[in-house]
Amino acid sequence: MKIYHGSTIIVEKPLVSFGRDNLDFGKGFYTTDLKNQAEKWVERFVSLGKKGIINIYNFDDKNLAEKYRYKKFPEYNEEWLDFVLSCRNGSKDYMNYDVIEGGIANDKVFNTVELYQSGLIDKSTTLERLKYEKPNNQICFINQKVLNSVLKFESSYEVKGAAS
């Protein structure tokens, strides 16, 4: 399967160690199977006058769950919410996995999560709001050896302007 990573540079040899701490699924190398989502991500760089590069990889996801410690969140639910908040608060629970896949806490979802985290809405209200959101997709590689064995760089291209 083809997956995408938005960056300001060409990333032929991804490293999980360059990921930022306290993201949705912890520190790792983040990708998506949605080309449009990757293009929208790099528009942030382009709007700041930086290069926006889409890196394309071939992801061998056959038997992923049987071979590796793979966690998938198919929807925004209580388990996803608890996991994302835990990671964003510095928990290392994500280290129990090699690859984690699920929805992104994009701006709209993030606002709901923030309201919950700050105590302005309760968990049931949060989950009720989230059930109407269709998850985007992020695939986070935590384990470098696994990433090296399942991800192969194919190509890249520069995004010059707004993606359609």
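The following exercises, each with a worked solution, concern a predicted model.

**Exercise 1. Packing of α4 and α5**

Determine how helix α4 and helix α5 are oriented relative to each other, and state which residues meet in their contact.

*Solution.* Step 1: locate the elements. Helix α4 comprises residues 107-117, and helix α5 comprises residues 123-130.

Step 2: consider the axes. They come within 9 Å and cross at roughly 175 degrees.

Step 3: classify the angle. Values over 145 degrees count as roughly antiparallel. The two helices, α4 and α5, are therefore roughly antiparallel to each other.

Step 4: list the residues in contact. From α4 come V109, T112, L115 and Y116; from α5 come K123, T126, R129 and L130.

Step 5: sort these residues by character. The contact of α4 with α5 is made up of four nonpolar, two polar and two charged residues.

**Exercise 2. The two faces of α4**

Identify the buried residues of α4, establish how they are placed around the axis, and state what covers them.

*Solution.* Step 1: apply the cut-off. A residue is buried when its relative accessible area is under 20%. In α4 the buried residues are V109, T112 and V113.

Step 2: examine their distribution. These residues cover an arc of only 95 degrees around the axis, which puts them on the same side of α4.

Step 3: recall helix geometry. An α-helix has 3.6 residues a turn, so residues three or four places apart point the same way.

Step 4: turn to the other face. The exposed residues D107 and K108 are carried on the face of α4 turned away from its buried side.

Step 5: find the cover. The elements over the buried residues of α4 include α3 (78-88) and α5.

Step 6: note what comes after the helix. G119 follows α4 and has a positive phi, near 85 degrees.

**Exercise 3. The surroundings of T126**

Is T126 buried or exposed, and which residues does it touch?

*Solution.* Step 1: place the residue. T126 belongs to helix α5.

Step 2: assess its accessibility. With a relative accessible area of 0%, T126 is buried.

Step 3: collect its neighbours. Leaving aside residues up to four places away in sequence, T126 touches L81, T112, Y116 and I121.

Step 4: relate this to the helix pair. T112 and Y116 are among the α4 residues that meet α5, and T112 is also one of the buried residues of α4.

**Exercise 4. Salt bridges**

How many salt bridges does a search of the whole structure find? Describe the pairs of K27 with D21, E79 with K71, and D82 with K123.

*Solution.* Step 1: state the total. The search finds nine salt bridges.

Step 2: recall the principle. Side chains of opposite charge can pair when their charged atoms come close.

Step 3: take K27 and D21. Their side chains meet at 3.9 Å, N to O, and a salt bridge requires this separation to be within 4 Å. K27 is partly exposed at 27% relative accessibility, and D21 is partly exposed at 44%.

Step 4: take E79 and K71. The closest N and O atoms of this salt bridge are 2.6 Å apart. E79 counts as partly exposed at 44% relative accessibility, whereas K71, at 16%, counts as buried.

Step 5: take D82 and K123. Their side chains form a salt bridge of 2.8 Å, N to O. Since D82 lies in helix α3 and K123 in helix α5, the pair ties together parts that are 41 residues apart in sequence. D82 is partly exposed, with a relative accessible area of 34%, and K123 is partly exposed, with 22%.

Step 6: extend the last pair. E78, D82 and K123 are joined into one network by salt bridges that share partners.

Key
Residues are numbered from 1 along each chain as its sequence is written. This is a predicted model: local features need pLDDT of at least 70, side-chain atom pairs count only at pLDDT 80 or more; totals for chains, interfaces and linings use all residues. Side-chain values use heavy atoms; hydrogens and water are left out. Axes are lines fitted to C-alpha atoms, for helices over the stretch in contact, and angles run from 0 to 180 degrees between N-to-C directions. Helices (H or I, at least four residues) and strands (E, at least two) are DSSP runs, numbered from the N terminus. Angles under 35 degrees count as roughly parallel, over 145 as roughly antiparallel, 65 to 115 as roughly perpendicular and the rest as oblique. Contact means heavy atoms within 4.5 Å. Ala, Val, Leu, Ile, Met, Phe, Trp, Tyr, Cys and Pro count as nonpolar, Asp, Glu, Lys and Arg as charged, and the others, Gly among them, as polar. Buried means under 20% relative accessible area, exposed over 50%, partly exposed in between (1.4 Å probe, protein chains only). The arc is that of the directions from the helix axis to the C-beta atoms.
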